[in-house]
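Here is a quick walk through one protein chain, starting with a sheet and ending with a few single residues. Have the model open while you read.

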Amino acid sequence: MFDAQQIDSCGKMWILDSGEIEFKQHCAPQLVVLDIATSKVVHRYRFPKGMFKPTISRFVTPYVDIADPAPKGSCQEAIVYMADPTGTGFVVYDVQHERSWRVENKYTYPDPDFGTHTIAGESFELLDGTFGFAVTPRGLGLRRMLYLHSLSNDAQVAIPLDIVNDPTYWNNGINSALEHFVLLGKRGIQ
């Protein structure tokens, strides 16, 4: 089942495949990259164990950050950030080196006080973690940041991209790199 996708400036469609059919895990989740012009698969990455939680992880909102974009670049240096709201974390994938690591700490978790959602007058409970991403644009002369939030939380957080993109920071589970996260503020709503 294809869960989410993004089309980048290089003419590639990045698709997250959950590896599930009717919520039964048939294979590992994977990231599939299609060349839009040719409709051909140009890259595939199957998540290794430890990057996902079988029957729990549901990857959404891939965010692709390309360091060498077209027209001058070759579109080979890409980092993909993939939210896992039900698995309370996100996966970072370095395309060029074909390696990934998982980021999970208190800022990727939901807050139970923001677990009640109301849409069109109907309320329901949903405790989802990390959901959305944005990054500081290139060329501003600033330290680039990854901005994220959990769906069932009101905290808006940032972390320097050079920290997120370095797998050596993420070996201590939920205690990893906490000192590098910056709480930007609280929205008061999800």
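## Two sheets, one disulfide

Let's start with an open sheet of four antiparallel strands, ordered β13-β14-β15-β16. Its edges are β13 (130-135) and β16 (182-186), and each has a single partner strand, so one side of each lacks a neighbour in the sheet. On average, neighbouring strands here are turned by 25° against each other, direction ignored. Keep in mind that this is a predicted model.

Zooming in on one edge, β13 pairs with β14 (residues 145-150) through five bridges, in the antiparallel sense. To find your place in that pairing, look for V135, whose bridge partner in β14 is L146.

There's another open sheet to look at, also with four strands and antiparallel pairing, this time in the order β7-β8-β9-β10. The edge strands are β7 (60-66) and β10 (99-103), each of which pairs on one side only. Neighbouring strands in this one are turned by 20° on average, again ignoring direction. β7 runs antiparallel to β8 (residues 78-84), and six bridges join the two. A handy landmark is V60, which stands opposite A83 in β8.

Side by side, the two edge pairings look like this:

| Strand pair | Bridges | Residue and partner |
|---|---|---|
| β7 and β8 (residues 78-84) | six bridges | V60 opposite A83 |
| β13 and β14 (residues 145-150) | five bridges | V135 with L146 |

As a reminder of what holds such pairs together, strands of a sheet pair through backbone hydrogen bonds, either parallel or antiparallel.

Now, what about the disulfide? The structure holds one, formed by C10 and C75 with their sulfur atoms 1.9 Å apart. C10 sits in the loop between β1 (2-7) and β2 (12-17), while C75 sits in the loop between β7 and β8, so the link ties together parts that are 65 residues apart in sequence. The angle about the S-S bond is -85°, which makes the link left-handed. Are its two cysteines buried or exposed? Both C10 and C75 are buried. C27 is another story: its relative accessibility is 37%, so it counts as partly exposed.

One more residue deserves a look, and that's N175. This residue lies in the loop between α1 (161-164) and β16, the edge strand we met earlier. With a relative accessible area of 55%, N175 is exposed, because the cut-off for that class is over 50%. Its C-alpha atom is separated by 8.3 Å from that of K106, although the two residues are 69 apart along the chain.

Stepping back to the whole chain, the count is one helix and 16 strands. How does its radius of gyration compare with the globule rule? The value is 17 Å, close to the 16 Å that the rule gives for 190 residues, so the chain is as compact as a globular protein of that length. The C-alpha trace spans about 45 × 45 × 35 Å along its principal axes.

Buried residues account for 47% of the 190 in the chain. The accessible surface comes to about 9900 Å², and 56% of that belongs to carbon and sulfur atoms. As for contacts, take those between residues at least 6 apart in sequence: 45% of them join residues at least 24 apart.

Technical notes. Residues numbered from 1 in each chain as written. Predicted model: local features only at pLDDT ≥ 70, side-chain atom pairs only at ≥ 80, totals over all residues. Heavy atoms only, no water. Pairing = 2+ DSSP bridges. Axes fitted to C-alpha atoms, helices over the stretch in contact; angles between N-to-C directions. Rg over C-alpha atoms; globule rule 2.2 N^0.38 Å. Buried < 20%, exposed > 50% of the residue type's maximum accessible area, 1.4 Å probe, protein only. Contact = heavy atoms within 4.5 Å. Areas by Shrake-Rupley, 256 points an atom, 1.4 Å probe, with all protein chains shown as cover. Disulfide = S-S within 2.5 Å.
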